[in-house]
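Biologist: Let's go through this model together. I'll keep asking how you know what you say about it.

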Amino acid sequence: MAPTLYMMPPSPPVRAVLMTAKSIGLDLELKQLNLRRGDHKTPEYLKLNPQHTVPTLVDDDGFVLWDSHAIMVYLLSKYAKDDSLYPQDLRKRAVIDQRMHFDSGVAFAVFLRILYPLIYGEKKTITSEDTKAAEEVYSFLEAFLEGRQWLTGDFVTIADYSLIATTSSLNVLVKIDPVKYPKLTAWVKNVEKLPAYEANKPGLEKFIGYVKSILMCKIPIGMENKAYIFTRNKRIFIHFSFAMAPVLYVTHLTPPVRAVLMTAKTIDLDLELKKLNVEKREHKNSEFLKLNPQHTVPTLVDNDFVLWDSHAIMAYLVSKYAKDDSLYPNDLKQRAIVNQRMHFENGVAFPELLKILYPIIHDGKKTITQEDEIAADEVYSFLEAFLDGKQWITGDSVTIADYSLITTITALNVLVKIDHVVFPNLNTWMKKLEQLPVYEANRKGLDSYTTHVKLLLR
Ligand SMILES: N[C@@H](CCC(=O)N[C@@H](CS)C(=O)NCC(=O)O)C(=O)O
C-alpha cells in the first residue's frame with residue numbers, strides 16, 4: 001500500500017515532498033485538503049496532526065509524520081535506492097540540515113509572514129518591509145550559492161527541493177532581481193531543468209492563480225524595492241584558533257545558543273565559546289559574514305568545518321561526539337519525530353517569540369498585547385497536544401528536540417505566562433526538564449534574559 005500524503009498542491013512544503021517522491025519513483029496516495037474551507041481543522045485531521053499543517057504523511061503501517069523536511073528525510077531513508085539526495089556523510093548531511101532549517105525558520109517563515117495577512121487579513125499590498133524581508137532571504141541564498149552549483153555543493157539534495165519550492169513561491173510575491181542575485185537566478189534555472197521539478201510546477205501554477213485571484217489588482221506596481229544593505233562593521237575581531245575543542249560563536253541571551261550548550265553539556269563536550277556583541281554588530285562584521293553569511297549565532301567551527309543553525313549543530317555534535325544516539329536516535333521513525341519537533345521550534349515557536357520580543361527590544365514597546373497572548377497560547381496548545389501521553393516532547397526519552405523547545409518556551413514564558421491549568425502537560429514537562437542537571441546550561445542565560453526583558457517592559 002502506498003503511503004498517504006495529506007496535501008494541498010499550492011503549498012510549498014507539499015511540493016518539496018512531491019519532488020522528493022518523484023525523484024525516487026515513490027507512489028503516494030494523495031489526499032487533498034482545502035485549507036480555506038478549514039479541512040485541516042477538523043477533529044479527525046487534528047487527531048492526526050495537532051499542528052494542523054500540510055503536508056502530513058501516513059505511512060503504510062500507520063506511522064504519522066508532519067513537517068515536509070522530516071517527511072523528506074524519512075521517505076528517503078526508507079524508500080530511496082541510494083543516499084544521494086540526503087547523504088550519510090556527516091558533514092554533507094549537517095549542511096543539508098542547516099539549509100532545511102533555514103527554509104523552516106527563515107525563508108518559509110518570511111513567505112508566510114507576507115502571504116497570510118494577504119489571504120486572511122486586511123492587508124492589501126506587498127509593503128516595503130515585505131520586500132526587504134524577501135530580499136534578505138534572497139541575499140542569504142545568493143551567499144550560500146557562492147562557489148557552488150547547488151545549495152549545498154555540487155550535487156542536488158532535498159535542501160534544493162525544499163528551498164526551490166519556497167523560493168519559487170516567494171518570487172511570485174517579491175520578484176528575484178537577476179542583476180542583484182545572479183547566482184540565485186542561475187540556480188533557479190538549473191533546478192527548473194531537473195525532472196523532479198515537474199512536481200513543483202502544477203502546484204506553483206495553482207499558487208500563482210490563487211494569489212492573483214485573491215489580490216487581483218491589489219499589488220501596486222511601483223512599490224518600493226530597496227535592497228537590504230547589510231551594515232558591515234570593519235573592525236576585525238575574529239582570531240582563528242586551532243584549539244582542539246570546537247569553537248562556538250555565541251551571544252548570551254539567545255535560546256538556540258542555550259540549546260547547543262545543553263547538548264554539549266549532556267555529551268560532556270568542551271566547546272570554546274566566543275562571544276559576539278550583537279549591539280556592536282559584531283555578527284555583521286565582514287570576518288564573521290565570511291564564516292556565516294546568514295550572520296546568526298550559534299555558529300560552530302569544528303576544525304575546518306563551519307556550521308550554523310542550532311538544530312543542525314546539535315544533530316552534528318551528537319552524531320560526531322556522543323557516546324550513544326539517545327539524544328538523536330538513529331531509529332528512522334524516532335529521528336523523524338525529533339526532526340519534526342525541531343522544525344516546529346524553528347518555523348513556529350521561535351518566530352512567535354521574536355515577533356513579540358523584537359518590538360520590545362528595538363522599538364521600546366512596553367506592553368504585551370492580547371494578540372501576543374493569543375499567538376503564544378497557540379504555540380503552548382500545540383506543545384500541549386504533542387505532549388499528550390508522552391513524558392518528553394518526542395516520547396520516553398530526552399532528545400535535542402526537548403532542548404531546542406525548552407530554551408524557546410522558557411523565553412516565551414517570560415513574555416506570556418503559561419497557564420498551568422490550561423496547559424498541564426506543558427507545565428509538567430517544563431518542571432521535569434528544570435530538574436535535569438543539564439538544565440543549568442539554560443538557566444544562566446535565561447536569568448539574564450529575564451532581567452533584561454523585565455527592565456525593558458518597566
Ligand atoms: N514546517 C512545515 C510548514 C507547513 C505549513 O505551515 N504548511 C501550511 C500550508 S503552506 C499550512 O498547513 N498551513 C495551515 C496551518 O498552519 O493551519 C513543513 O515544512 O511542513
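Modeller: Keep in mind that this is a predicted model. One open sheet has four strands in the order E6-E5-E7-E8, with mixed pairing. Strand E6 (272-275) and E8 lie at the edges, and the twist from one strand to the next averages 20°.

Biologist: What makes E6 and E8 edge strands?

Modeller: Each of them pairs on one side only.

Biologist: And how do you know that E7 pairs with E8?

Modeller: Two strands pair if there are at least two bridges between them. Strand E7 (residues 299-302) and strand E8 (residues 305-308) are joined by four bridges, and they run antiparallel. Val301 has Val306 in E8 as its bridge partner, and Leu300 stands opposite Leu307 in E8.

Biologist: What sits between those two strands?

Modeller: The hairpin of E7 and E8 has two residues between the strands, and Asn303 takes a positive phi near 55° there.

Biologist: What makes E5 and E7 a pair?

Modeller: Again at least two bridges are needed, and strand E5 (residues 247-250) is joined to E7 by three, with the strands antiparallel. Val247 has Val301 in E7 as its bridge partner, while Tyr249 has Thr299 in E7.

Biologist: What about the sheet that holds E1?

Modeller: That one is open too, with four strands in the order E2-E1-E3-E4 and mixed pairing. Its edge strands are strand E2 (29-32) and strand E4 (64-66). Neighbouring strands are turned by 20° against each other on average, direction ignored.

Biologist: How do E1 and E2 run, parallel or antiparallel?

Modeller: Parallel: four bridges join strand E1 (residues 4-7) to E2. Tyr6 stands opposite Lys31 in E2.

Biologist: On to burial. Why is Pro195 called exposed?

Modeller: A residue is exposed if 12 or fewer other C-beta atoms lie within 10 Å of its own. Pro195 has 9 within 10 Å, so Pro195 is exposed. Pro195 lies in the loop between helix H7 (182-192) and helix H8 (201-215). The C-alpha atoms of Pro195 and Met19 are separated by 8.9 Å, with the two positions 176 residues apart along the chain count.

Biologist: Why does Asp67 count as buried?

Modeller: The cut-off for buried is 20 or more C-beta atoms within 10 Å. Asp67 has 30 C-beta neighbours inside 10 Å, so Asp67 counts as buried. Asp67 is in the loop between E4 and H3, and its phi is near 85°, a positive value in a residue other than glycine.

Biologist: And why is His52 called partly exposed?

Modeller: Partly exposed lies in between, with 20 or more meaning buried and 12 or fewer meaning exposed. His52 has 19 C-beta neighbours inside 10 Å, so His52 counts as partly exposed. His52, in the loop between H2 and E3, also has a positive phi of about 45° although it is not a glycine.

Biologist: What makes you say that H9 is largely enclosed?

Modeller: 11 of the 12 residues of H9 are buried, so H9 is largely enclosed by the rest of the structure. Among the buried ones are Val257, Arg258, Leu261 and Met262.

Biologist: How do you know that the length of H9 agrees with what a helix should span?

Modeller: The expected span is 1.5 Å times one less than the number of residues. For the 12 residues of helix H9 (residues 255-266) that should be 16 Å, and the end C-alpha atoms are 17 Å apart, so the two agree.

Biologist: Which prolines follow a cis peptide bond, and what is omega there?

Modeller: The bond from Val54 to Pro55 is cis, with omega near 0°, and so is the bond from Val297 to Pro298, again with omega near 0°. Pro55 is in the loop between helix H2 (43-48) and strand E3 (56-58). Pro298 is in the loop between helix H10 (286-291) and E7.

Biologist: Last one, the ligand. What surrounds the ligand?

Modeller: There are 15 residues around the ligand, and the closest are Ser11, Pro13, Thr53, Ser68 and Gly347. Helix H1 (12-23), helix H3 (68-79) and helix H12 (332-363) each supply at least two residues of the shell. The shell divides into five nonpolar, nine polar and one charged.

Definitions and conventions
Residues numbered from 1 in each chain as written. Predicted model: local features only at pLDDT ≥ 70, side-chain atom pairs only at ≥ 80, totals over all residues. Near = placed C-beta within 6 Å. Nonpolar A, V, L, I, M, F, W, Y, C, P; charged D, E, K, R; others polar. Axes fitted to C-alpha atoms, helices over the stretch in contact; angles between N-to-C directions.
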